[in-house]
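Please look at how the helices of this model pack, and then at its metal site.

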Amino acid sequence: MYTKYIEMVEVSPRDGLQNEKAVISTSAKLSLIERAIAAGSRRIEVTSFVNPRAVPQMADAEAVCEDLPERDDVTFIGLVMNLRGAERAVATGRIDQLGAVAVATDKFAMANQGQTSDGSVEASCEIVQRAKAAGLTGQVTIGASFGCPFEGEVAEDRILAMATAIARSGPVEIGLADTIGVANPAHVSRLVERVGRAIAPIPVRVHFHNTRGTGLANVWAATGAGASIVDASIGGLGGCPFAPGAAGNVATEDVVYMLERAGISTGLDLDALIEINGWLGQIMGKDLPAMVSRARPFPPRMEHGKEIA
Ligand code: ZN
């Protein structure tokens, strides 16, 4: 069953950039955020409040927040791993929503945030509660929901138990993340449906990496199974510094092309996204993995009976 509208969360300023070796300037990050808003983004993961020694690319979290555009209609998300990060995000006065991460396996939870899996569930619930106490909202993403770089297969029942526990803290949504890009569409359909039923009416968000080329198929499976929110990164940038072999997020423009062509609106302007891809590629000094930006527009853009590029 497909809905008429899917909400997109732009994660390029955080997940997209955090794994890039070249440090991107604060002003380029702010420009990326402004361009995404101009293209229609209304929810953007703008930075993460983590130890700058662990993730140098996010060392300017406060500086990014200070100059965020004044937009009441845009939700700015700050990713935090613990209460210390939550306090930093709240202190900026510019973050609307805290994003927490619980990790499905002990080994990955240790590598990512120095906790056991259960510890990460507890911490994420505390972060949601801290967000609400500060008048913000909180959401939780379950990392390695479909497979772990260290422990391999992850049992669906484990994800279900985590989602049920997290739901009690009152997040606005729970995300299922395929951090290392190993999910397949059948697995995605099953897990999204089961988690959706367990946490209703809390919505399911999905977060896919295209490491093995199944990203778009997984988005299609997830939205068909009831996920109503999709994370994506302009250009398909992305990766996880703590997950060996993780590649880029699904590209915003590729997801928007697929959904809009299928009659599902996203509120995003595809041409504007493709323009941002070109700009971002110049900033990064390389071609970005997204597919749609390399192809001719379709249907062709006509002017005076002639196709324009
Ligand atoms: Zn990710």
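In this predicted model, helix α7 meets helix α8 through Glu156, Asp157, Ile159, Leu160, Ala163, Thr164 and Ala167. The partners on the α8 side are His187, Arg190, Leu191, Arg194, Val195, Ala198 and Ile199. Sorted by class, this contact has eight nonpolar, two polar and four charged residues. The axes of α7 (residues 156-167) and α8 lie 9 Å apart, at an angle of about 30°. Angles under 35 degrees count as roughly parallel, and α7 and α8 are therefore roughly parallel to each other. Their crossing is right-handed. The spacing of contact residues along a helix can be read with the helical repeat in mind: with 3.6 residues a turn, residues three or four places apart in an α-helix point the same way.

A second helix pair involves α4 (residues 83-92) and α6 (residues 117-133), which pack at an angle of about 25° with their axes 10 Å apart. That angle makes α4 roughly parallel to α6, and the crossing of the two is right-handed. From α4, the contact uses Leu83, Ala86, Glu87 and Val90, while α6 supplies Glu126, Ile127 and Arg130. By class, there are four nonpolar and three charged residues in the contact of α4 with α6, and no polar ones.

Helix α8 (185-199) also takes part in the surroundings of α9. The buried residues of α9, which spans residues 215-224, are Gly215, Asn218, Val219, Ala221, Ala222 and Thr223. Besides α8, these buried residues pack against the strands β6 (174-178), β7 (204-208) and β8 (229-232), and against helix α10 (252-261). After α9 comes glycine 226, with a positive phi near 110°.

Strand β7 leads on to the metal site, as histidine 207 lies in this strand. Which residues coordinate the zinc ion? Asp15 does so through OD, and His207 and His209 each through NE2, at 2.0 to 2.1 Å. Along the sequence, the donor residues follow the spacing D-x191-H-x1-H. Aspartate 15 belongs to helix α1 (residues 12-18), and its pairing with histidine 207 links distant parts of the chain, 192 residues apart.

Are these two donors buried or exposed? Residues under 20% relative accessible area count as buried. Aspartate 15 has a relative accessible area of 3% and is therefore buried. Histidine 207, at 6%, is buried as well.

Key
Residues numbered from 1 in each chain as written. Predicted model: local features only at pLDDT ≥ 70, side-chain atom pairs only at ≥ 80, totals over all residues. Heavy atoms only, no water. Buried < 20%, exposed > 50% of the residue type's maximum accessible area, 1.4 Å probe, protein only. Helix = DSSP H or I, 4+ residues; strand = E, 2+ residues; numbered from the N terminus. Contact = heavy atoms within 4.5 Å. Donors = N, O, S within 2.8 Å, 3.2 Å for Na, K, Ca; no water. Axes fitted to C-alpha atoms, helices over the stretch in contact; angles between N-to-C directions. Parallel < 35°, antiparallel > 145°, perpendicular 65-115°, else oblique. Left-handed = near helix turned anticlockwise from the far one by under 90°. Nonpolar A, V, L, I, M, F, W, Y, C, P; charged D, E, K, R; others polar.
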